[in-house]
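Trainee: I'm new to this one and would love a close look at a single part of it. Could you walk me through it slowly and then show me what goes with it?

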Protein chains: 2
Amino acid sequence: MAGELAFIARLRDLASHPAARGLNDDCAVLEVGSETLILTHDSLAQGVHYLASQDMADVAWRLVATNLSDLAAKGAEPLGVLIGYTLGRDDERFLDGLGEALRHYNVPLLGGDTITAEGPRTLGLTAIGRATHRPVPSRAGAQVGDGVWITGAVGAAMIGLEALQSGDHDPALSLPYRRPDALLAQGQALAPLVTAMMDLSDGLLLDAHRMGTASGVTLAIDSAAVPLAAPEQRRNEALRWGDDYQLLFTLPPSAVPPVAAYHIGTVEAWQDAPLILDGQPLVDANHLGWQHEA
Amino acid sequence: MAGELAFIARLRDLASHPAARGLNDDCAVLEVGSETLILTHDSLAQGVHYLASQDMADVAWRLVATNLSDLAAKGAEPLGVLIGYTLGRDDERFLDGLGEALRHYNVPLLGGDTITAEGPRTLGLTAIGRATHRPVPSRAGAQVGDGVWITGAVGAAMIGLEALQSGDHDPALSLPYRRPDALLAQGQALAPLVTAMMDLSDGLLLDAHRMGTASGVTLAIDSAAVPLAAPEQRRNEALRWGDDYQLLFTLPPSAVPPVAAYHIGTVEAWQDAPLILDGQPLVDANHLGWQHEA
């Protein structure tokens, strides 16, 4: 982890262009002519981000959906994807799932690279979109007095992964983990109203901690207000579990979200920590979620 | 190989958007507002596209240069890159080389993803550019009567890799393999004039075969006219060796290239093969070069 953080710190030095947003955001935001492009690249490594035994159609879906979820957090309309694919087990299934996901989101495959490699595979996808609203939402805009909102429940991916690992007798139970949904329509509807927005890839608490840090404010969250897709006794775990891909956003106190959403807290002036949970300041980001990404 | 070709054929079915150019070109060409974006993604796999023992600074350079070379073939001006990086050996050296390449080409790092994974690494990079001339050159435009041209010698990467593998007592000898050059300025100067253009990543003969196929014409190449960066007795090998990243292009007979270039043949009406070398039709693409990419 230390090595990864040091690496990302040096990478950040290289990403000095304003479009890179200091690598602190979900996407790059690049002005080109009269358009604002939104760009993101995420990878999935076998054995780390997906199970070696998993249906490759689900892995393909996940690869598309996680990248489109980053675009959703920017209120972007997807223009297409480029794929970096390593051939291996069940390539046909991968293509099945890739086709299903691209049709579901009505996003064209624009290009990419297919290679042969040794060992466990790393699959990459780049998604490109256009902003539907400017300024483009960032993680850094939360204002004191805003409400903190979430589009839906957390914990579904946790339950889904466990179902998958235990034999998946009810495929509907594992679906939220296997086929996450990128909330593109919600992101576009919210973009003109939010002061800050991000997608939840690494866990509500960790991602809220990042939003507070980026915005220089304290997000005070009431854990009991967070909708749960898991048994109540697992609330603490669900708040720290990643892969749910809900949108976390802040709204001025008078604004009403135009999509289904839950009010889970308020934005307060900085109080020694970027996140307060049930009155308890959480200074350290460790153990709040899944830490892996630049 | 059969699996890879079948995979790419199915991938092509998914890439039905005109911007994908049927996956037959070096890049996607996407109209957005008043701009024409050029997009490409290439991966390098350890043990396949680079030596496991290689200096990671050179690998980083290569990752940047090979993608920018695709933009060069479109006459594009680079706008930035996104990186998909897997942590491992010599991450610091990778960052050194990445920084050197980005500064050399004056291209910003816009974003990406840093992950941890198991086994040999796959590194990916997406480059995005804007067209400097429209229509954007493709592989498919070669016209009967055109001249066939190349920007420089082939064989330097072959000699360079051998120097590297044999202990690299003269680092200048391995430089063309370790640090290939993306011919961005040449590509931009040529774009308004060429009828077809591509970069040579997989060998002159294989890439010329592809250009002939895409254009529905026969490229008649005089092997003795091809400039060589290797001993004469290795001419046949050098014509089939990849990684030289010269630009191959066709020009109307009256046009004069605005950059250093060598006339190596002519475009003829289709004669049973996309490529004729020294009067010999080469129907089959096998054994003409390095076949690995979509």
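Where in chain A is the place of A:P135?

Mentor: A:P135 sits in the loop between strand 5 and strand 6 (147-150) of chain A. Helices and strands here are DSSP runs (H or I, at least four residues, for a helix; E, at least two, for a strand), numbered from the N terminus. Before we go on, some housekeeping: residues count from 1 along each chain as its sequence is written, while chains are lettered from A and ligands numbered from 1 in the order in which they are written. The model is predicted, with local features needing pLDDT of at least 70, side-chain atom pairs needing 80 or more, and totals for chains, interfaces and linings using all residues; side-chain values use heavy atoms, leaving out hydrogens and water.

Back to the loop. The peptide bond running from A:R134 to A:P135 is cis, with omega near 0 degrees. Chain B has a cis bond between B:R134 and B:P135, with omega about 0 degrees, and B:P135 lies in the loop between strand 5 and strand 6 (147-150) of chain B.

Now for strand 6 of chain A, which borders that loop. In a regular strand, side chains alternate between the two faces of the sheet. In strand 6, A:G147 and A:W149 point one way, A:V148 and A:I150 point the other, and all of them are buried. Buried means under 20% relative accessible area, exposed means over 50%, and partly exposed is in between (1.4 Å probe, protein chains only).

Who are its partners? Two strands pair if DSSP finds at least two bridges between them. Strand 6 and strand 9 (247-251) of chain A run antiparallel,, joined by four bridges, and here A:I150 stands opposite A:L248. Strand 6 pairs antiparallel with strand 10 (residues 262-268) of chain A as well, over four bridges; in that pairing A:G147 faces A:T266.

Follow strand 9 back to the loop between it and helix 8 (235-240) of chain A, and you'll find A:Q246. Is A:Q246 buried or exposed? It is buried, because its relative accessible area is 14%. Leaving aside neighbours within four places in sequence, A:Q246 is in contact (heavy atoms within 4.5 Å) with A:I150, A:T151, A:G152, A:A153, A:L183, A:M198, A:D199 and A:L200. So A:I150, which we met in strand 6, turns up again on that list. A:D243 belongs to the loop between helix 8 and strand 9 too. Its phi is near 75 degrees, a positive value in a residue other than glycine, and A:D243 counts as buried because its relative accessible area is 18%.

Helix 8 brings us to helix 4 (residues 156-165) of chain A. Eight of the ten residues of helix 4 are buried, so the rest of the structure largely encloses this helix. The buried ones are A:A156, A:A157, A:M158, A:I159, A:G160, A:L161, A:A163 and A:L164. Helix 5 (171-178) and helix 8 of chain A are among the elements covering them. After helix 4 comes A:G167, with a positive phi near 110 degrees.

One more backbone detail in chain A: A:R21, in the loop between helix 1 (2-14) and strand 1 (28-32), has a positive phi near 50 degrees although it is not a glycine. A:R21 counts as partly exposed because its relative accessible area is 24%.

Chain B has a few spots to visit as well. B:A15 lies in the loop between helix 1 (2-14) and strand 1 (28-32) of chain B. B:A15 counts as buried because its relative accessibility is 4%. Not counting residues up to four places away in sequence, B:A15 touches A:L109, B:A20, B:G22 and B:L23, so chain A is represented among its contacts.

Finally, strand 4 (residues 109-115) of chain B is mostly covered, with six of its seven residues buried. Strand 4 runs parallel to strand 3 (residues 76-86) of chain B, joined to it by six bridges, and B:V81 stands opposite B:L109.
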